[in-house]
Amino acid sequence: MEENNHNSTSTSAVIPAISFSVELPEPDVHILTSGGLRIPAHSSILAMVSPVLENIIERPIKHRRSERVIPILGVPYDAVSAFVGYLYSSRCTEEQMEKYGIHLLALSHVYLVPQLKQRCTKGVSQRLTVENVVDVLQLARLCDAPDLYVKCMKLVAERFKAVEQTEGWKFMQDHDPWLELEILQFIEEAESRKKRTRRHREEQSLYLQLSEAMECLEHICTEGCTTVGPYDVEPVKRKSPCKKYETCRGVQLLIKHFALCKRRANGGGCSRCKRMWQLLRLHSSICDHQPDSCRVPLCR
């Protein structure tokens with residue numbers, strides 16, 4: 001009885017939200033869904049939106065009087081109904097996306113409906129969870145949806161411990177070991193990228209600190225800053241703290257220590273003195289002043 005009701009369903013019942021400016025002719029094609037249920041449709045509209053359906057419709061039929069039937073099996077009747085509704089209206093409700101987003105993504109890929117595929121990719125990605133991410137990842141790979149694939153991979157990497165406990169992960173381990181390998185490689189590469197980025201930032205920070213220290217060393221030895229300056233500049237005439245005083249103060253303390261350190265004078269190993277020597281050597285290696293014009297000690 002239920003089948004007969006579905007078989008007699010009109011196009012307006014399948015797509016209730018559509019209003020047409022002209023009256024449509026009688027449906028000339030039926031879409032066969034799972035369970036033998038049918039959806040009436042118009043071949044001209046289906047062919048206009050989907051090139052795959054157009055090829056199916058243009059295939060010659062054996063008998064003139066035989067009705068034209070297009071099978072779309074393997075997904076729920078309501079998902080096929082939503083798909084046909086989109087072909088007519090180019091609209092998909094949030095409720096339909098919530099219930100049938102994965103099915104609509106598969107149908108849009110198989111029947112080459114790029115606008116719906118883009119809509120489904122976005123809708124499904126917004127509904128990713130730890131529980132469904134492995135299933136969606138497999139579908140994204142099959143449906144050639146790279147944006148969704150990457151988003152799934154990132155979620156798996158971020159919540160790997162939780163994802164490992166899901167049924168989807170266990171099923172994938174038994175039936176798709178290559179995908180498991182892809183995921184593990186992605187996680188390893190992501191960790192490597194994080195380490196490289198962190199190391200690069202640390203190196204950049206060190207270069208900036210050294211650059212500031214070089215500027216401050218030359219500034220102190222040439223003009224003077226607060227308590228340390230050239231021997232031929234009177235302390236009262238030295239300038240007030242400079243803009244980089246935090247770094248400059250550290251260099252001043254290092255210079256004061258270097259001048260008075262007994263361990264350095266006795267040939268001992270003083271770590272602060274070694275840092276001062278390194279600053280002086282580094283300055284000497286990069287200084288572009290004439291040898292007689294640079295005021296930094298031991299330059300050249």
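A residue counts as buried here when its relative accessible area is under 20%. By that rule, 38% of the 300 residues of the protein chain are buried. The model on screen is predicted.

**The whole chain**

Start with a cartoon of the entire chain, which shows 15 helices and three strands. Switch on the surface next: the protein chain exposes about 19,300 Å², and carbon and sulfur atoms supply 52% of that area. For contacts between residues at least 6 apart in sequence, 57% join residues at least 24 apart.

**Ser50**

Select Ser50 and show its side chain. Ser50 belongs to the loop between helix H3 (43-49) and helix H4 (51-58). Is Ser50 buried or exposed? Its relative accessible area is 0%, so Ser50 is buried.

Now display what Ser50 touches. Leaving aside residues up to four places away in sequence, Ser50 touches Tyr111, Leu112 and Val113. Draw a distance from the side chain of Ser50 to the backbone of Tyr111: a polar atom of that side chain lies 2.6 Å from the backbone oxygen of Tyr111.

**Tyr111 and Phe83**

Keep Tyr111 selected and turn to its ring. The structure has three aromatic pairs. One of them joins Phe83 and Tyr111, with 5.7 Å from centre to centre and 40° between the planes, a tilted arrangement. Phe83 lies in helix H5 (residues 77-89), while Tyr111 lies in the loop between helix H6 (94-110) and helix H7 (114-126), so this pair ties together parts that are 28 residues apart in sequence. Phe83 and Tyr111 are both buried.

Move on to Phe160 and Trp169, another aromatic pair. Their ring centres are 5.3 Å apart and their planes meet at 85°, which makes the pair edge-to-face. How accessible is each partner? Phe160 has 17% relative accessibility and so counts as buried. Trp169 has 1% and therefore counts as buried too.

**Arg193 over Phe186**

Select Phe186 and Arg193 together. Here the charged end of Arg193 sits over the ring of Phe186, at 5.9 Å from the ring centre.

**Two loop residues with positive phi**

Go to the loop between H5 and H6, where Ser90 is placed. Ser90 is not a glycine, yet its phi is positive, about 60°. With a relative accessible area of 55%, Ser90 is exposed.

Then select Asp144, in the loop between helix H8 (133-142) and helix H9 (146-158). Asp144 also has a positive phi, about 55°, although it is not a glycine. Asp144 is exposed, because its relative accessible area of 55% is over the 50% cut-off.

**Cysteines**

For the last stop, select Cys248 and Cys294. Cys248 has a relative accessible area of 0% and is buried. Cys294, at 12%, is buried as well. How many disulfides does a search of the whole structure find? It finds zero.

Definitions and conventions. Residues numbered from 1 in each chain as written. Predicted model: local features only at pLDDT ≥ 70, side-chain atom pairs only at ≥ 80, totals over all residues. Heavy atoms only, no water. Helix = DSSP H or I, 4+ residues; strand = E, 2+ residues; numbered from the N terminus. Buried < 20%, exposed > 50% of the residue type's maximum accessible area, 1.4 Å probe, protein only. Polar contact = N/O pair within 3.5 Å; in protein donor to acceptor, adjacent residues only side chain to side chain. Contact = heavy atoms within 4.5 Å. Phe/Tyr/Trp six-rings, centres within 6.5 Å; stacked < 30°, edge-to-face > 60°. Lys NZ or Arg CZ within 6 Å of the ring centre and 35° of its normal. Disulfide = S-S within 2.5 Å. Areas by Shrake-Rupley, 256 points an atom, 1.4 Å probe, with all protein chains shown as cover.
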